[in-house]
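Work through the exercises below with the sequence and the 3D view open. Try each task before reading its solution.

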Amino acid sequence: MKKLPLLFFTLFILSSTFAQNPVYKDKNAPIEERIDDLISRMTLEEKVMQTNQWTYGKNSNPNNIEDRMREVNPMIGSLLYRATFPQARNQIQKKAIEDSRLGIPIIFGFDVIHGYRTVFPTPLAQSCSWNTALVKESCRISAKEAWLAGCDWTFSPMIDVARNPRWGRVVEGYGEDPYLNSVFCVAAVEGYQGKDLSEKYTIAACLKHYVGYSMSEGGKDYHYTDVSDQTLWETFLPPFEAGVKAGVATLMSGFNDLTGIPASANHYTLTEILKEKWGHDGFVISDWASIRNLTNQGYAKDRKEAGLKAFMAGVEMDMMDNIYVENLPQLIKEGKVPMERIDDAVRRILRIKYRLGLFEQPYVDELTEEERFLLPEYLEVAEQLASESMVLLKNDNQTLPITSNNKSIAFIGPLLSDSVNMMGSWEGMGKAKDVYTIIEGVKAEFGDNATLNFAAGCEFDGSDTTSFAEARKAALASDVVVLLMGEKKGWSGENSSRSSISLPAIQEQLIAEMDKLGKPFVLVLSSGRPLELIRINSLPDAILEMWQPGTMAGPALAGILSGKYNPSGKLTITFPQTVGQIPMHYNARPTAVKGLGYFQDVPKEPMYAFGHGLSYSSFKYGEVKLSTEKISKDEKLTVEIEVTNNSEVDGSETVLWFISDPFASITRPIKELKYFEKKSLKAGEKSIYTFEIDPMRDLIYPNSKGDKILEAGDFYLMVNDQKVKFELVD
Ligand code: GLC
């Protein structure tokens with residue numbers, strides 16, 4: 001009888017040692033137990049390799065051209081995946097599963113910023129649609145195309161609140177407002193990640209660039225960012241907090257030197273805020289070689305110190321510069337990196353791999369290109385989002401839409417048959433050959449009912465006016481002229497800052513030439529940023545900012561010009577009068593001397609303000625109604641306003657609700673967007689828009705430590721041109 005316990009013990013040891021299915025491979029075991037089991041089996045080398053990302057194929061970003069990996073190391077944690085076919089991914093994954101000791105799957109990442117092969121409008125453009133559901137749908141489609149190409153993870157959404165249009169990367173975020181970036185951040189995370197990351201066609205999202213990168217000095221990319229803690233908490237952190245609360249899997253640290261402690265080595269932001277205060281349980285990847293860049297910034301004397309500072313600050317994975325692989329083993333041996341930290345980092349990376357289901361489903365379906373990309377339903381969403389992103393800035397004499405038949409229309413400008421620039425920067429795996437150009441769009445839309453005259457007019461830039469004559473001829477032969485001008489895709493995006501945000505002189509010259517002909521004319525702009533229009537704004541009868549609309553550029557624009565689509569876009573970033581007015585954003589602090597202190601040589605207002613956008617409909621706002629004028633901290637205040645579409649044209653109207661807190665212990669912006677709602681209104685239709693003010697959400701503000709402050713006193717609710725007071729009592 002005594003031998004029984006020994007027998008059981010022996011059997012247990014034998015079974016757990018030679019178990020066919022150790023806990024870490026047991027899909028029925030809880031993820032945290034699987035991670036514990038796996039980490040207990042890993043060698044130091046295997047752990048360190050998980051903290052490393054190389055690239056497979058050359059990155060398309062001109063600043064990151066490198067193909068680090070020739071032969072796959074089967075223990076590599078992640079690959080930046082530049083192929084578009086699933087077979088390569090599956091072959092690499094097979095090596096990782098079968099040729100490594102523990103068979104830990106690789107996570108394949110890629111920059112799916114505004115589409116994978118179906119290219120949607122740029123994120124800045126998308127935000128001007130104010131259509132969160134549509135943005136979420138575009139991310140779901142992007143995730144499916146990316147997943148079927150072999151990607152598990154996107155380095156998106158970029159949620160850097162943008163206040164300086166000289167900075168090229170304003171194109172990649174959702175504009176100048178923290179709340180708007182928060183709302184679209186959540187829509188993107190939900191679109192990419194779905195409800196269950198382990199489901200097919202869902203991919204891990206990645207909030208970037210954490211944090212404060214858009215404050216690059218003077219708009220010059222990669223430069224110092226002087227961000228006070230107060231500004232950090234009230235402007236740049238809110239979108240990241242919203243994304244973490246929405247369950248985002250990962251974040252990417254920024255290039256920027258954040259007020260003396262670079263964002264890729266900032267323990268306060270990366271650990272104290274992100275992990276300890278917000279409880280984020282995924283992982284942080286560095287930006288491309290942003291750990292090595294700590295030596296450029298003078299924060300680390302060499303690669304080893306850069307690796308130590310970044311890793312201990314809270315960056316779990318090293319994108320591309322191999323510093324962790326080269327230095328962590330030695331740093332651990334020297335006791336500078338405790339084993340608990342490397343285990344915590346690996347735990348976070350493995351947790352996302354488990355949540356993605358990579359241990360159970362390491363391979364993706366191998367479908368044909370036709371089955372994977374550019375499906376008709378994808379293109380429909382792309383066209384709708386592109387048309388809803390376009391902003392009608394000016395429309396004198398109802399020049400638009402161009403409706404009556406038998407008209408002759410001149411389409412002039414360098415964008416006419418353009419396809420490359422229509423996609424904007426970070427076009428993913430989008431191909432110019434897929435783009436429906438403007439000329440294709442307008443021929444399909446107008447061709448049967450109008451005479452179309454085309455002329456290049458001028459190049460994007462340069463000084464060649466020889467094609468002006470042809471443009472004049474086309475214009476004089478037409479009833480209405482449409483000029484298509486703007487930026488090249490490479491004039492915005494990473495490392496694409498510009499000291500001037502004007503159209504090139506040759507384009508302004510052609511606009512002035514067209515103005516002399518006395519024809520009604522429409523200026524269509526394609527840009528990745530707000531433009532300085534002060535010299536030409538009065539010349540066209542109508543101005544439409546179409547941004548960089550993506551694959552369905554032509555049909556979307558043609559639909560707006562013909563009235564098939566009623567423009568509903570509103571600006572989410574201010575168009576200043578001149579570049580000299582920057583920084584210029586709607587939610588600025590009040591000036592010390594009321595109404596004074598502005599530039600003498602330009603009007604103090606912007607050329608086109610945040611929230612500006614015209615429609616072919618006209619919307620009449622009723623009087624705003626409050627459910628009460630006094631609430632306590634645990635009560636809600638319901639505000640309503642009736643909006644009527646008092647035109648004959650069906651349209652959509654977005655109501656923006658702002659709150660002003662004129663007196664507080666820390667000064668507050670003149671007003672802050674707190675809610676918005678977009679609705680379709682048929683001709684003559686009325687609708688009540690409602691905003692329920694929750695003091696604990698809408699009346700609080702952060703101090704420089706991130707504490708949420710709520711103070712009794714007077715507040716103002718602002719909607720359209722109305723401003724009504726209400727009181728918060730203790
Ligand atoms: C770049 C960008 C980052 C991108 C990464 C990978 O330098 O800053 O946004 O995700 O490299 O391409």
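**Exercise 1. A buried acid and its partner**

Task: Decide whether Glu388 is buried or exposed, and find which side chain it meets in a salt bridge.

Solution. This is a predicted model.
Step 1. Glu388 has a relative accessibility of 13%. Buried means under 20%, so Glu388 counts as buried.
Step 2. The side chain of Glu388 forms a salt bridge with that of Lys678, at 2.7 Å from N to O.
Step 3. Now place the two residues: Lys678 belongs to strand 20 (residues 672–681) and Glu388 to helix 15 (residues 376–389). They are 290 residues apart, and the pair links distant parts of the chain.

**Exercise 2. Two more salt bridges**

Task: For the pairs Arg140 with Glu137 and Glu334 with Lys304, state where the residues lie and how exposed they are.

Solution.
Step 1. Arg140 and Glu137 meet through their side chains in a salt bridge of 2.8 Å, N to O. Both lie in helix 6 (residues 132–149), and because they are 3 residues apart there, about one helical turn separates them.
Step 2. Arg140 is partly exposed at 39% relative accessibility, and Glu137 is partly exposed at 25%.
Step 3. The side chains of Glu334 and Lys304 form a salt bridge of 2.5 Å, N to O. Glu334 sits in the loop between helix 12 (323–333) and helix 13, while Lys304 is in helix 11 (residues 303–313), so this pair ties together parts that are 30 residues apart in sequence.
Step 4. Glu334 has a relative accessible area of 33% and is partly exposed. Lys304, at 24% relative accessibility, also counts as partly exposed.
Step 5. To set these pairs in context, the structure holds 47 salt bridges.

**Exercise 3. Helix 13**

Task: Compare the span of helix 13 with the expected value, list its buried residues, and find which of its residues belong to a salt-bridge network.

Solution.
Step 1. Helix 13 covers residues 339–355, which is 17 residues. From its first C-alpha to its last it reaches 24 Å, close to the 24 Å expected at 1.5 Å a residue.
Step 2. The buried residues are Arg341, Ile342, Ala345, Val346, Arg348, Ile349, Leu350, Arg351, Ile352, Lys353 and Tyr354.
Step 3. A network of salt bridges links Lys275, Glu316, Arg341, Asp344 and Arg348. Helix 13 spans residues 339–355, and the network includes Arg341, Asp344 and Arg348.
Step 4. Just after the helix, Gly357 takes a positive phi of about 80°.

**Exercise 4. Strand 13 and its neighbours**

Task: Describe how strand 13 is covered and how it pairs with strand 12 and strand 14.

Solution.
Step 1. Strand 13 runs over residues 521–526, and 6 of its 6 residues are buried.
Step 2. In a regular strand, side chains alternate between the two faces of the sheet. In strand 13, one side carries Phe521, Leu523 and Leu525, the other Val522, Val524 and Ser526, and both faces are covered.
Step 3. Strand 12 (residues 480–486) pairs with strand 13 in the parallel sense over 6 bridges. Leu484 has Val524 of strand 13 as its bridge partner.
Step 4. Between these strands the chain passes through helix 18 (residues 505–515), and this β-α-β crossover is right-handed.
Step 5. Strand 13 also runs parallel to strand 14 (residues 542–545), joined to it by 4 bridges. The bridge partner of Val524 in strand 14 is Leu544.

**Exercise 5. An open sheet**

Task: Give the strand order of the open sheet of 5 strands, and name its edge strands.

Solution.
Step 1. The order is 17-25-24-19-20, and the pairing is mixed.
Step 2. Strand 17 (630–632) and strand 20 are the edges, since each pairs on one side only.
Step 3. On average, neighbouring strands of the sheet are turned by 25° against each other, direction ignored.
Step 4. Within the sheet, strand 24 (residues 713–719) and strand 25 (residues 722–729) run antiparallel and are joined by 7 bridges. Here Gly713 has Leu728 of strand 25 as its bridge partner.

**Exercise 6. The whole protein**

Task: Check the radius of gyration against that of a compact globule.

Solution.
Step 1. For 730 residues, a compact globule would have a radius of gyration near 27 Å. The protein has 27 Å, which agrees.
Step 2. The C-alpha trace spans about 105 × 65 × 50 Å along its principal axes.
Step 3. Of the 730 residues, 60% are buried. The secondary structure comes to 20 helices and 25 strands.

Conventions. Residues numbered from 1 in each chain as written. Predicted model: local features only at pLDDT ≥ 70, side-chain atom pairs only at ≥ 80, totals over all residues. Heavy atoms only, no water. Buried < 20%, exposed > 50% of the residue type's maximum accessible area, 1.4 Å probe, protein only. Pairing = 2+ DSSP bridges. Right-handed = clockwise from strand over helix to strand, strands pointing away. Expected span 1.5 Å × (residues − 1). Salt bridge = Lys/Arg side-chain N within 4 Å of Asp/Glu carboxyl O. Axes fitted to C-alpha atoms, helices over the stretch in contact; angles between N-to-C directions. Rg over C-alpha atoms; globule rule 2.2 N^0.38 Å.
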